[in-house]
Amino acid sequence: MPEALTSSDTNVCATLKVGPYTVRGISVGGVYTTVQVPELSLLLDVGIPLRAFCAADRIFLSHGHVDHVGGLPGLLGVRGMMQKQAPPEVFMPVEIVADVLTALAALTRLQRYELAIKPVGMAPGDEHHLGNNLYVRAFRTHHPVPSLGYQFIRKVSKLKPAYLTLPGAEIGARKARGEDLFDKAEHLELAYATDTLVRVLDTNPSMLKSRILILECTFLDERKALAESRAGCHIHLDELIEVADRFENEHLVLMHISQIYTPSEAREIVFKRVPPHLGARISMLAPRRGSWL
Ligand SMILES: [Zn+2]
Ligand SMILES: [Zn+2]
């Protein structure tokens, strides 16, 4: 099997080492999805409140379906036990902010403990600075409810080639005079898209150039007809195979696999069906052994 990237797994939570990043989580289509990237301090969706992820200060919700947001109140409750004072920033489609706050207000009354968040509503194309040189840019995904994908970007300044030979003092002096000495470069580090039609690859093609791409692939073979998969606004492996040559990513992490497959079946099908040049870059967010939780 060409997948050599998994560093360790437990029965339920997969841990993948992809390039410089760790991608940890649990993801079963329609059941729950939550994915952590500790090096970037990101938590992607909260379909289930895994205790180890509850200290997250930055959460990105793809959409409002319960397999992606159902664990948020639980996570906030566990944070309370951890004495985390500041509410986490929760990025989400701007259309769902009011409903998420209303739901948390009702649960706060039940809990008699404030389940507070700092909401950040985003629309496709919106960009937000996350600190240091890290930014997030939202992009449209294609699902029956308001939904977003997220591209995480590092923005770096590089001295323009014409100035490379100048001594440091001269560069400092020119900078002080307000000369524009730098080229700006964007490094597309990691993109996340789930619960979407495959045409997201056309409407946001830069995700194909992201170093790491975490992408749903809910259905894998004829057990789910392509038409049915599309009707539910999900990606079928047939569709990824068709565009296998377009992926320029160093690593492609497939997740949100349907529970109609066991984890080991899912691996077998994926690595048997995809062309080897893509298979060599695929990791699956699925336990190596046993069944889904
Ligand atoms: Zn889902
Ligand atoms: Zn959904």
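Begin by selecting Gln83, which in this predicted model is exposed, with a relative accessible area of 56%. The residue is found in the loop between α2 (72-81) and β7 (89-93), and its backbone deserves a look, since Gln83 has a positive phi of about 60° although it is not a glycine.

Next, select Arg112, where a positive phi appears again in a residue other than glycine, with a value near 55°. Arg112 sits in the loop between α3 (97-111) and β8 (118-122), and at 79% relative accessibility it counts as exposed.

**The zinc ion (ligand 2)**

Now select the zinc ion (ligand 2) together with its protein donors, which are His63 through NE2, His65 through ND1, His143 through NE2 and Asp195 through OD, at 2.2 to 2.4 Å. If you display the angles among the four donor atoms, you will find that they run from 92 to 169° and that the site of the zinc ion (ligand 2) is irregular. Along the sequence, the donor residues of this ion follow the spacing H-x1-H-x77-H-x51-D. His63 lies in the loop between β6 (58-60) and α1 (66-69), while His143 lies in the loop between β10 (134-140) and β11 (148-159), so this pair ties together parts that are 80 residues apart in sequence. Show the surface of the protein and you will see that both His63 and His143 are buried.

**The zinc ion (ligand 1)**

Keep Asp195 on display and add the zinc ion (ligand 1), because Asp195 bridges the zinc ion (ligand 1) and the zinc ion (ligand 2), which lie 3.7 Å apart. On the side of the zinc ion (ligand 1), the protein donors are Asp67 (OD), His68 (NE2), Asp195 (OD) and His256 (NE2), lying 2.1 to 2.3 Å from the ion. The spacing of these donor residues in sequence is D-H-x126-D-x60-H. The site of the zinc ion (ligand 1) is irregular, with angles of 90 to 156° among its four donor atoms. Follow the chain away from two of these donors: Asp67 lies in helix α1 and Asp195 in the loop between β12 (182-193) and α5 (200-203), so the pair ties together parts that are 128 residues apart in sequence. Both Asp67 and Asp195 are buried.

**The aromatic rings**

Which residues do ring pairs link into a cluster? Select Phe60, Phe91, Tyr150 and Phe152, and you have the cluster that the ring pairs link. The count of aromatic pairs in the model comes to three. One of them joins Phe60 and Tyr150, whose rings are edge-to-face, at 5.3 Å centre to centre and with 65° between the planes. As Phe60 lies in strand β6 and Tyr150 in strand β11, this pair ties together parts that are 90 residues apart in sequence. Phe60 is buried, with a relative accessible area of 0%, and Tyr150 is likewise buried, with a value of 0%.

Staying on Phe60, bring Phe152 into view: the ring centres of Phe60 and Phe152 are 5.0 Å apart and the planes stand at 85°, so this pair is edge-to-face. With Phe60 in strand β6 and Phe152 in strand β11, the pair ties together parts that are 92 residues apart in sequence. Phe152 is buried, with a relative accessible area of 0%.

For another contact with a ring, select Lys155 and Tyr135, where Lys155 lies over the face of Tyr135, at 4.5 Å from the ring centre.

**The cysteines**

How many disulfides are there in the model? The count comes to zero. To see this at one cysteine, select Cys13, which is in no disulfide, and draw a distance to Cys54, which carries the nearest cysteine sulfur, 12 Å away. Cys13 is buried, with a relative accessible area of 13%.

End the tour at Cys233, and ask why its sulfur is without a bond to the closest cysteine sulfur. The closest cysteine sulfur, in Cys217, is 15 Å from that of Cys233, too far for a bond, given that a disulfide here requires a pair of cysteine sulfur atoms within 2.5 Å. Cys233 is itself buried, with a relative accessible area of 13%.

Definitions and conventions
Residues are numbered from 1 along each chain as its sequence is written. Chains are lettered from A and ligands numbered from 1 in the order in which they are written. This is a predicted model: local features need pLDDT of at least 70, side-chain atom pairs count only at pLDDT 80 or more; totals for chains, interfaces and linings use all residues. Side-chain values use heavy atoms; hydrogens and water are left out. Donors are N, O and S atoms within 2.8 Å of the metal (3.2 Å for Na, K and Ca); water is not among the atoms, so sites may look incomplete. Four donors count as tetrahedral if all angles lie between 85 and 135 degrees; four count as square planar and six as octahedral if opposite donors are over 155 degrees apart and all others between 65 and 115; anything else is irregular. Helices (H or I, at least four residues) and strands (E, at least two) are DSSP runs, numbered from the N terminus. Buried means under 20% relative accessible area, exposed over 50%, partly exposed in between (1.4 Å probe, protein chains only). Rings of Phe, Tyr and Trp (its six-membered ring) pair if their centres lie within 6.5 Å; planes under 30 degrees apart count as stacked, over 60 as edge-to-face and the rest as tilted. A charge sits over a ring if NZ of Lys or CZ of Arg is within 6 Å of the ring centre and within 35 degrees of the ring normal.
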